[in-house]
Amino acid sequence: MKKPVLVVLALTLGMALAQSVSLNGAGATFPYPLYAKYFDAYQKLTGVRVNYQSIGSGGGIRQLFAQTVHFGASDAPLSDEKIAEFEQKFGTQVIHVPTALGAVVPSYNLPGVTQPLNFSGPVLADIFLGKIKKWNDPALAELNPGVKLPALPITVVHRSDGSGTTYIWTEYLAKVSPEWKAKVGVGKSVSWPTGLGGKGNEGVAGLVRQVPGAIGYNELIYALQNKIAYGAVQNRAGKFVLADLASVRAAAELKDFPADTRVSITDTPAPEGYPIASFTWILVYRDLDKDKAVKSRAEAEALARLLDWVIHDGQRYNEALHYAALPEVAVKVSEANLAGLRYHNEPLNQK
Amino acid sequence: MRERLYGKLGDRIFIAALVTLGGAVMFIAALMAWELWSGGAKAFRTFGFWGFVFGREWNVITGQFGAWPFLVGTVITSAVALALAFLPSLAAAIAIAEYAPRWLGEVIAYLVDLLAALPSVVYGLWGIFVLVPLVRDRVEQPLFLWSAEHAPALMGLLGPPTGIGMLSAVLVLALMIVPYASSLARDAIRLVPREQREAMYALGATRWEVVRRVVLPYARGGIFAGVILALARALGETMAVTMLIGNGHQLPYSVFGPAATMASVIANEFTEAEGGLQLASLLAVGFLLFLLSLVVNFAADWILRRMSVGEGHE
C-alpha cells in the first residue's frame, strides 16, 4: 500500500529538483519591465526561475565582475578598457547579447506651444552647453518655421544620477558637436556645464513639468507612458524624426553589424531612423565555468537556452511594452555569439 | 560592598549583556569608519587627502574628483537650515510648555512630533509640487527682476530663478529639523524646577521675564542638545535635498541656483559607479561626511559640558 505513495513522492521530488534551476541576474533599470515580463513568461514555459535585480547598469557590471550573478545587464556596452580588464582577470571573453532597443527624447515645457518642436543635434548640443539661452534664439526659430517661440530663458534639466540614458544622450551630442566632445565628453554621469539635475527619469520629468521654459531628456518609454511632450530630432539624412517604435527600430538596421554587437546607433545613417537610440545588453561569460555563480553544467545550459529564447521568441513581448524589437541582423549576429558559449571547453547544446 | 551589590548571577548576566551591546555599538561605528576609509583610500592616495577635500572638480570622464563643492554645499545648507529653524522651534517649545493651555499644548506637541515621522521623500514631493512653484513665483522671480533693474551686481549671487535649488532645499530642510530641535527644548523647559519659577514670580517678575531669566538659562543645555541633533539630521538628510537642490556640481553656489551635498552626490552616483576611482571617491566622500558628523558631535559635546548648569562655568 505504502510503496506506490513513496515512489510518487520520490518522483515528484526528483522532478521538483530537476526543475529548480534558478538563474540570477542584475543590472540596468531601463529594461526592467521588459525583463520582468520575459522571465515571468519563461518560467511559465520551462519552469526555470530567473531573479533579476534592477540595481543599475554600473551595479550589474560590478556584480558580473564579482561573479555573484549568472548574467549582468547594461545600457552601455563595456568600454575597451573594461573588456581588457575582464579578459585579463578571468581568462575568457564577455559576450554582449542585445535584447531590445531604447531611445532618448528631448522633453520640454513651453507654455503656449502645442505642436512638437524640431531640434537638430548641434542645436541640442548648444542648448546643453549653455550657448543657446533663449527659446526664441534664431537657431531654434530657423528649425521651427511658423512656430511662435516665446522669449523665455531656457532651463536645462539633466539626470543627476549616473544613467544609461545620459550615456546615450551625451554619446549622441559628442557625435554631432565637436565642442561637446572636447568640453564635456561621453559618460553615464558627466560634468554638466549648466542646468539643474533631477534624479531618475521621474526626477527630470518632474523638474521639466515644474519649470516653464525647461528642456530635459527622457527615455522614450517613460515619455510615452507618462504622455510627456517631446520634440523631433533631425537625423543624418536631414529628416526630422519623431521617436516611435518604427523609427527606433529603423535606426538599428545597419549594413555592417559588428560581431561583438557593441555598436553605437546614435546619429544613424538610416534615412528613416531616429538618431538618439541604443541597444540594451545582457552580459555573460563566454566560458561559463569561469563565472563562480554558474555552479553546474545544468545552470550553464539553462542560461544559454534562456538567452536564445530572449533573442527569438521573447522579442514578441517588446513592442507591447514600448521597447523596439531587435532587427534581423542583430539576431543573426547574436545567434553566432551564443553558439560560442562553453562550459569547461565543451559547447552547450541549446536546443 | 560592590561585590555584594553586583554578585548575583542575574546581575552579572545583565552587566555582561550591557557591556556586549555597548561594545558592539562602538565596534560597528569603528568598522563603518574603517570600511569607508579603506574603500576611499584609492581616492585619497590619488589626489592626496587635502587635495581631495579641497578639489573643486568632479568629473567622471576625466577622472578628476574633489569633494569641496559637496562639502561646502552640505555645510551651507545645514547651517542655514539650522539658523532658520532655531527660533521657530524654540518658540514652539516655549509656547507648548509655558503659554498654551495644557490641551492645546498637547495637540501642538503631537503635530510637531508628527513632522519628524513623515518620510523625507514626502517632504521632497511636497517641495517639488507646492513649495517650488511658490518660491519661484513669489520670491525668486520678483527678487531677480528687481535686481536686474536696480542691482545687476547681485544677479550672479542670486542665480537662476527656477525654484529648484539651494533656497528651496534649505527651506524644506529647515522644516524637517524643527521637530528635533523643538521636542528636546520642550522637554528641557518642562524640567525646569517649579521652585525656580516661583522664586522669580515672588520677586515680581512677569511671565516673559521668568522665561527669559530663569527658564531659558536653566534649559539651555537641553535646548542646545536639540540643536545639535537637528544639525546632525540636516547634515545627513539625503532624499528631500536631492529632489530639490538641483544637483549642480559647480562652485560657486548661488542663492537660487543648483547645488549639491555630500549625501546627495552619493545617492545620485552610487548605483551607476562601475568601480575604480569613481566608487573610491564616493566612499571617500562618505568618509568625509562621517568625519564631519564626528567633529560636529565632539564640538557639541564640548560646548554642552561648558553650558551645563550647576558646574560653575560662568
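This is a short walk through a predicted model with chains A and B.

Okay, let's start with chain B on its own. It's helices the whole way: 13 helices and 0 strands. If you read along the sequence, the pattern is just α repeated, α-α-α-α-α-α-α-α-α-α-α-α-α. As for dimensions, the C-alpha trace of chain B spans about 65 × 60 × 35 Å along its principal axes. Of the 314 residues in chain B, 40% are buried. And here's one for the contact-map people: take the contacts in chain B between residues at least 6 apart in sequence, and 74% of them join residues at least 24 apart.

Let me zoom in on one helix pair in chain B. Generally, you describe two packed helices by the angle between their axes and the distance between the axes. So, the pair here is α9, residues 194-202 of chain B, and α10, residues 207-236 of chain B. Their axes come within 10 Å and cross at roughly 160°. Anything over 145 degrees counts as roughly antiparallel, and therefore that's the label α9(B) and α10(B) get. The crossing of α9(B) past α10(B) is right-handed.

Who's touching whom there? From α9(B) you've got Gln196(B), Arg197(B), Met200(B) and Tyr201(B). On the α10(B) side, the contact uses Val210(B), Arg213(B), Val214(B) and Tyr218(B). Sorted by class, the contact of α9(B) with α10(B) has 5 nonpolar residues, 1 polar and 2 charged.

Now let's hop over to chain A and look at another pair, so you can hold the two side by side. This one is α5, residues 121-129 of chain A, against α7, residues 164-176 of chain A. The axes come within 9 Å, and the crossing angle is roughly 115°. Roughly perpendicular runs from 65 to 115 degrees, so α5(A) and α7(A) are called roughly perpendicular to each other. The handedness of this crossing is left-handed.

From α5(A), the contact draws on Gly121(A), Pro122(A), Leu124(A), Ala125(A) and Phe128(A). From α7(A), it's Tyr172(A), Leu173(A) and Val176(A). What's the split by class in the contact of α5(A) with α7(A)? It comes out as 7 nonpolar, 1 polar and no charged.

Stepping back to the layout of chain A. It's divided into domain 1, which is 5-101 + 279-347, and domain 2, which is 103-251. The C-alpha centres of those two domains of chain A lie 33 Å apart. Where they meet, domain 1 of chain A puts in 13 residues and domain 2 of chain A puts in 12 residues. If you look at the domain 1 side of that contact, you get 8 nonpolar, 3 polar and 2 charged residues.

A few individual residues in chain A next. As a general point, most residues other than glycine have a negative phi. With that in mind, have a look at Lys227(A): not a glycine, and yet phi is positive, about 50°. Lys227(A) sits in the loop between α10 (220-225) and β9 (232-234) of chain A. Is Lys227(A) buried or exposed? With 6 other C-beta atoms within 10 Å, Lys227(A) is exposed, since the cut-off for that is 12 or fewer.

Thr261(A) is another one with a positive phi, near 60°, and again it's a residue other than glycine. You'll find Thr261(A) in the loop between α11 (245-251) and β11 (277-285) of chain A. Thr261(A) has 19 other C-beta atoms within 10 Å, so it's partly exposed.

One more spot, Gln93(A), in the loop between α4 (80-90) and β4 (94-108) of chain A. Gln93(A) is partly exposed too, with 17 other C-beta atoms within 10 Å. Leaving out residues up to four places away in sequence, Gln93(A) touches Glu87(A) and Arg286(A). The C-alpha atoms of Gln93(A) and Val284(A) are 8.7 Å apart, although the two residues are 191 residues apart along the chain.

Last up, the contact of the two chains. It takes 25 residues from chain B and 26 residues from chain A. On the chain B side, the elements giving two or more residues are α6 (120-150), α11 (239-244) and α12 (262-269). The largest share there comes from α6(B), with 3 residues. By class, the chain B side divides into 11 nonpolar, 11 polar and 3 charged. That's it from me.

Key: Residues are numbered from 1 along each chain as its sequence is written. Chains are lettered from A and ligands numbered from 1 in the order in which they are written. This is a predicted model: local features need pLDDT of at least 70, side-chain atom pairs count only at pLDDT 80 or more; totals for chains, interfaces and linings use all residues. Two residues are in contact if their C-beta atoms, placed from the backbone, lie within 7 Å. Helices (H or I, at least four residues) and strands (E, at least two) are DSSP runs, numbered from the N terminus. Ala, Val, Leu, Ile, Met, Phe, Trp, Tyr, Cys and Pro count as nonpolar, Asp, Glu, Lys and Arg as charged, and the others, Gly among them, as polar. Domain bounds come from an automatic or database domain assignment. Axes are lines fitted to C-alpha atoms, for helices over the stretch in contact, and angles run from 0 to 180 degrees between N-to-C directions. Angles under 35 degrees count as roughly parallel, over 145 as roughly antiparallel, 65 to 115 as roughly perpendicular and the rest as oblique. A crossing is left-handed if the near helix is turned anticlockwise from the far one by less than a right angle, and right-handed if clockwise. A residue is buried if 20 or more other C-beta atoms lie within 10 Å of its own, exposed if 12 or fewer, and partly exposed in between; C-beta atoms are placed from the backbone.
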